[in-house]
Amino acid sequence: MIKVKMARKNKPNFFLAIPVANSDVKENIEQLQQDYLAKDDRLKEFVVPVATAHVTLVVFHVEEQRLEESKRVVRAIYDECFVDKNFENIVFRGLGKFGSKVIYAKPVEGLAGLNVLNESFTNGLIENGFEVCGDGFNPHLTIFKGKRQRGRKEKKVKMKVMLDNFSELSDHNFGEQEVNYIQFLSMDKKKDENGYYFCEDSYKLLAKNP
């Protein structure tokens, strides 16, 4: 199926994601964050809380009056394509980076399933008139992230902090996560009592046993 690209006009406000709930993965991420903070406490403002750990599948914009419609569209794609499908676990190993702004744990196994999910939901949302945001699909689990800075001087300072600490990336083994749920998450609504994104809906998947 050929993807139809739409010009980005609006700020994304919703996304589909695989939640990372495995306690071992979260503990390993948190330990790595603490190890880096011990070396350079300037990184504390870049730390992404493990409470929000997830792998994004699709980012998109939904107008308020079409929210229920978008949820029906996603549910229909799930019912048609994935209700009885199972997926290999996602194995996270090593660090990757997007420029000098984002450091992430790399998924090295389970990528084929993630690509299928991304393609199906992306195409389905676009075909129903929803605006999918972003260029390409690069699955990742964010660990450190720099906030946007307006001033050129401030940008250089923040960039230097990241470059000073991540000029060489480790090959850390974080563990693996079963692919047993997709969640429809809000970027703008208040996070829940655990610090996780507000969940509009969720879709159960069958994790593949090792």
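Mentor: Welcome! A residue is called buried when its relative accessible area is under 20%. Keep in mind that this is a predicted model.

Trainee: Thanks! Which residues of H3 are buried?

Mentor: Apply that cut-off of under 20% along the helix. The buried residues of H3 are Gly113, Leu114, Leu117, Asn118, Phe121, Thr122, Asn123, Gly124, Leu125 and Ile126.

Trainee: What span should the 17 residues of helix H3 have?

Mentor: Helix H3 covers residues 111–127. Each residue adds 1.5 Å, and the end C-alpha atoms agree with the expected value because they too are set apart by 24 Å. The span that H3 should have is 24 Å.

Trainee: And which residue with a positive phi follows H3?

Mentor: Look just past the helix, where phi is near 85 degrees. The residue there is Gly129.

Trainee: How many helices and strands are there in the chain?

Mentor: H3 is one of the helices, so let us take in the whole chain. The count is 4 helices and 11 strands.

Trainee: What radius of gyration does the chain have?

Mentor: The chain has 210 residues, and a compact globule of that length would come near 17 Å. The chain's value agrees with this, and it is 18 Å.

Trainee: What share of the residues in the chain is buried?

Mentor: The same cut-off of under 20% applies here. Out of 210 residues, the buried share is 43%.

Trainee: How far apart do the centres of the positive and negative side chains lie?

Mentor: There are 33 positive and 31 negative side chains in the chain. The distance between the centres of the two sets is 9 Å.

Notes:
Residues are numbered from 1 along each chain as its sequence is written. This is a predicted model: local features need pLDDT of at least 70, side-chain atom pairs count only at pLDDT 80 or more; totals for chains, interfaces and linings use all residues. Side-chain values use heavy atoms; hydrogens and water are left out. Helices (H or I, at least four residues) and strands (E, at least two) are DSSP runs, numbered from the N terminus. The radius of gyration is taken over C-alpha atoms; the globule rule is 2.2 Å times the number of residues to the power 0.38. Buried means under 20% relative accessible area, exposed over 50%, partly exposed in between (1.4 Å probe, protein chains only). Lys and Arg count as positive and Asp and Glu as negative; His and the chain ends are not counted. The place of a charge is taken as NZ of Lys, CZ of Arg, CG of Asp or CD of Glu. The expected span of a helix is 1.5 Å times one less than its number of residues.
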